[in-house]
Amino acid sequence: MGAVHGLGGIGKSTLAAHWAATRRGEGETVWWIVADSPTAVREGLAGLGTALLGAEAAGKPLKALAEHAIGWLTRHHDWLLVLDNVHRPVDIEPVLARLAGAAGGRVLITSRLSTGWHRITGQVIALDVLEPEQAVELLTRTVTAERPGADLEGADELCAELGYLPLAIEQAAGYLAVNACSPRAYLQRLATYPAALYSHPRPGHDDNLDQTVARVWRSTLDHLTTAIPLAGTVLRVLAWWAPGEIPRALLDGLGEHLAGEDAGMAVQEAVAQLAAYNMITLSDDGQRIGVHRLVQAIARTPAPPGADHTIDPHRRANDITAACHLATTLLNQNRPADPFDPAGWPAWRTLLPHIEALADHTRPDQDTSTLSRLLDRTAAFLQDQGALTRAITYLERALAANQRLQGDDHPSTLTSRHNLALAYREVGDTGRAINLLERALADSERVRGADHSFTLTSRHNLAFAYREVGQVQRAISLYTQTLADSERVLGADHPSTLTSRHNLAVAYRE
């Protein structure tokens with residue numbers, strides 16, 4: 001007896017079928033049962049009983065046919081019974097108990113569930129995705145069987161994007177063959193129409209069968225969410241972050257944003273069950289989470305417009321949007337408060353891949369104020385670390401979001417404009433920096449007043465920018481005003497006053 005488990009679409013059933021075909025002995029009976037429920041197991045055994053009895057099966061009840069099959073298996077030894085897609089060990093344990101005293105025969109179990117099999121059998125195999133070269137070979141072989149000489153440029157990139165998952169690669173290969181499409185073109189369509197392509201059936205396969213990537217994982221979530229309703233929510237949140245090295249602690253605060261007194265415990269149970277069904281992976285210490293990139297892509301891609309959401313309840317657009325907001329909030333809550341404090345740098349480096357993934361997966365015109373704040377503080381960290389190009393990209397997004405959501409005069413908008421100006425100045429784009437600083441100063445004087453600390457800072461930084469482009473007289477004028485205001489508002493010994501006095505002296509010297 002052996003058990004094979006792995007992510008849906010990883011090839012468990014295909015491997016079982018190949019194994020059964022290549023190791024079938026002469027005269028051996030092989031019977032395949034889709035064993036995803038106790039009812040399915042009984043019906044599968046009844047089907048075996050019908051096949052064994054032939055015409056004698058007519059009129060016999062289902063239970064009698066199943067009993068005949070069990071009896072036959074216990075008396076014979078030349079047989080292989082495949083119990084495919086088992087959801088729970090308990091569903092097949094009564095059958096296995098009956099077969100424990102059988103004279104011979106073999107049982108092969110496949111499941112998306114990773115736990116509970118070692119108490120049934122010592123032969124447990126965990127299937128992983130293909131190696132890159134194997135994935136490319138599968139794609140190439142499948143496409144060229146239909147279209148010899150097909151354009152396969154970009155096959156390695158496509159396989160990587162599909163996470164080397166066999167079902168996804170077969171599905172894509174079928175699409176390429178039927179539509180005379182290149183891998184690069186498929187990648188472009190995948191970026192534009194992900195919902196349609198993930199749900200596209202493999203050519204030559206019954207569209208009603210649970211064989212597309214989206215349908216394979218939907219069936220797992222259907223089962224999971226029956227017992228653990230939060231499993232879908234947790235998976236949708238994880239879908240917005242990077243696929244690997246997700247700190248499990250990021251989810252600790254998720255329960256606070258969900259209904260129910262025990263939501264925190266329910267979130268942890270959802271994580272455990274998602275791992276048990278191979279929808280996610282946990283590190284050896286259980287503190288880091290991995291999610292297959294294709295699982296993420298499907299979980300954050302709404303079902304196509306007009307789809308019947310009673311069929312796929314896990315990809316409603318509103319639920320996916322809500323999960324995106326939760327993923328953003330959790331990252332913002334867990335980031336260090338001060339991006340310039342070295343004590344927080346390790347935490348920033350841990351969170352940075354997930355912040356980048358969130359930014360990549362979201363549209364700038366739909367950025368929220370929370371994401372804007374997260375990007376602004378992340379940009380400050382990146383700028384301090386010397387990653388100026390990425391910092392400017394995030395600062396531009398933060399400013400655009402604040403202008404759209406808050407208006408030009410909101411404090412968040414003024415701050416974003418000022419921070420972006422400083423980043424432009426640091427990369428040497430002083431023209432754009434001065435334009436933004438001049439506007440930031442004028443807006444701050446009008447909105448906050450001439451004596452506000454932000455106004456004093458803006459005036460000081462504009463003076464510094466004038467100095468850098470050789471406009472020393474304009475710099476001296478602003479430094480003089482800033483020094484006088486700082487002495488009056490902050491006091492002669494305040495650090496900002498000391499800095500203003502020093503910089504004015506440097507400008508006089510120049």
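In this predicted model, the sulfur of Cys181 lies 14 Å from the closest cysteine sulfur, that of Cys159, which is too far for a bond. With a disulfide requiring two cysteine sulfur atoms within 2.5 Å, the count of disulfides comes to 0, and Cys159 accordingly takes part in none, the nearest cysteine sulfur being that of Cys181. Both residues are nevertheless withdrawn from the surface: Cys181 is buried, with a relative accessible area of 7%, and Cys159 also counts as buried, at 1% relative accessibility.

In soluble globular proteins, nonpolar side chains tend to be buried together. The largest nonpolar core of the model comprises 125 residues, and those with the most contacts inside it are Leu83, Trp241, Leu251 and Met279. When neighbours within four places in sequence are left aside, Leu251 is in contact with Val234, Val237, Leu238 and Trp241, as well as with Val267, Gln268, Val271, Ile289 and Leu330. Apart from this largest core lies another, of 6 residues, which includes Val4, Ala16, Ala20 and Val82.

The packing of helices was examined for α5, spanning residues 132-146, and α7, spanning residues 166-179, whose axes come within 9 Å of each other and cross at roughly 30°. Because angles under 35 degrees count as roughly parallel, α5 and α7 are described as roughly parallel to each other, and their crossing is right-handed. On the α5 side, the residues that meet α7 are Ala135, Leu138, Leu139, Thr142, Val143 and Glu146; their counterparts in α7 are Pro166, Ile169, Glu170, Ala173, Leu176 and Ala177.

Backbone geometry was considered next. Most residues other than glycine have a negative phi. Asn85, although not a glycine, has a positive phi of about 60°, and it is placed in the loop between β3 (79-84) and α4 (93-99). A positive phi, of about 55°, is likewise found at Glu245, which is not a glycine either; Glu245 is placed in the loop between α11 (230-238) and β6 (246-247). The two residues fall into opposite classes of accessibility, since Asn85 counts as buried at 15% relative accessibility, whereas Glu245, at 52%, counts as exposed.

How values were computed. Residues numbered from 1 in each chain as written. Predicted model: local features only at pLDDT ≥ 70, side-chain atom pairs only at ≥ 80, totals over all residues. Heavy atoms only, no water. Core = buried A, V, L, I, M, F, W, Y, C linked by side-chain atoms within 4.5 Å. Buried < 20%, exposed > 50% of the residue type's maximum accessible area, 1.4 Å probe, protein only. Contact = heavy atoms within 4.5 Å. Helix = DSSP H or I, 4+ residues; strand = E, 2+ residues; numbered from the N terminus. Axes fitted to C-alpha atoms, helices over the stretch in contact; angles between N-to-C directions. Parallel < 35°, antiparallel > 145°, perpendicular 65-115°, else oblique. Left-handed = near helix turned anticlockwise from the far one by under 90°.
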